[in-house]
Amino acid sequence: MAIREIIKYPNPILEKEMRIVEQFDSKLKQILEDMYDTMVAYDGIGLAAPQIGLDAQIAIVDIDDQHGTIEFINPKIIAQSGSQIDIEGCLSFPNLYGDVRRATYVKIQAQNRLGKPFILEARGLLARVCLHEIDHLHGILFTSKVVKYYQPEELKDGKH
Ligand code: CO
């Protein structure tokens, strides 16, 4: 178990395109385990590799026990529809929350830790978190999409 340091904004790695993963080896497995440990330690519901300083298209999402932990390697959005506005936060922006518009439905193609392709369809909060994390892999931060920031006294949960 290893909890990594979370890279906070501003840091150049948070705003660049991540490299495609080509090696599905024990090092990747270790990165995924560290990302999970780090996400849990910081009470997040998603984490992207650049947030622990790694230039790689790797993201994990875990919104609840029902959906479990989803690992995305080299994810691509192949369809999305609908529109929803809801609160978001980000472990790279402590104590900052704002409303962001996202699709209500998303279809994602990615690879698992063994390199096997899979397709995930997600709706609602799961779609939102997946889209937030995939944005991280392309250097896109939620602050570029916030339509309204919350004041500290208005806060509820929503960190990822
Ligand atoms: Co984030």
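**Close-up 1. I3 in the predicted model.** I3 is partly exposed, because its relative accessibility is 46%, between the 20% and 50% cut-offs. This is a predicted model. I3 sits in the segment before α1, the helix of residues 26-41.

**Close-up 2. A nonpolar surface patch of M1, I3 and Y42.** I3 shares this patch with M1 and Y42. Together the three residues have about 370 Å² of accessible area.

**Close-up 3. T38 and its contacts.** T38 belongs to helix α1. With a relative accessible area of 0%, T38 is buried. Leaving aside residues up to four places away in sequence, T38 touches A2, I3, R4, I6, L47 and I52. I3 thus appears in two views: as a contact of T38 and as a member of the nonpolar patch.

**Close-up 4. The cobalt ion and its protein donors.** Three protein atoms serve as donors: SG of C90, NE2 of H132 and NE2 of H136. They lie 2.1 to 2.3 Å from the cobalt ion. Along the chain, the donors follow the spacing C-x41-H-x3-H. C90 lies in strand β4 (residues 84-90) and H136 in helix α2 (residues 124-136), so this pair ties together parts that are 46 residues apart in sequence.

**Close-up 5. Burial of two cobalt donors, C90 and H136.** C90 is buried, at 4% relative accessibility. H136 is buried as well, at 1% relative accessibility. Both values fall under the 20% cut-off for burial.

Technical notes
Residues are numbered from 1 along each chain as its sequence is written. This is a predicted model: local features need pLDDT of at least 70, side-chain atom pairs count only at pLDDT 80 or more; totals for chains, interfaces and linings use all residues. Side-chain values use heavy atoms; hydrogens and water are left out. Patches are made of residues with over 30% relative accessible area and no salt bridge: like charges are joined within 9 Å, nonpolar side chains (Val, Leu, Ile, Met, Phe, Trp, Tyr) within 5 Å. Accessible areas come from the Shrake-Rupley method with a 1.4 Å probe; for residues, only the protein chains shown count as cover. A salt bridge is a side-chain nitrogen of Lys or Arg within 4 Å of a carboxyl oxygen of Asp or Glu. Helices (H or I, at least four residues) and strands (E, at least two) are DSSP runs, numbered from the N terminus. Buried means under 20% relative accessible area, exposed over 50%, partly exposed in between (1.4 Å probe, protein chains only). Contact means heavy atoms within 4.5 Å. Donors are N, O and S atoms within 2.8 Å of the metal (3.2 Å for Na, K and Ca); water is not among the atoms, so sites may look incomplete.
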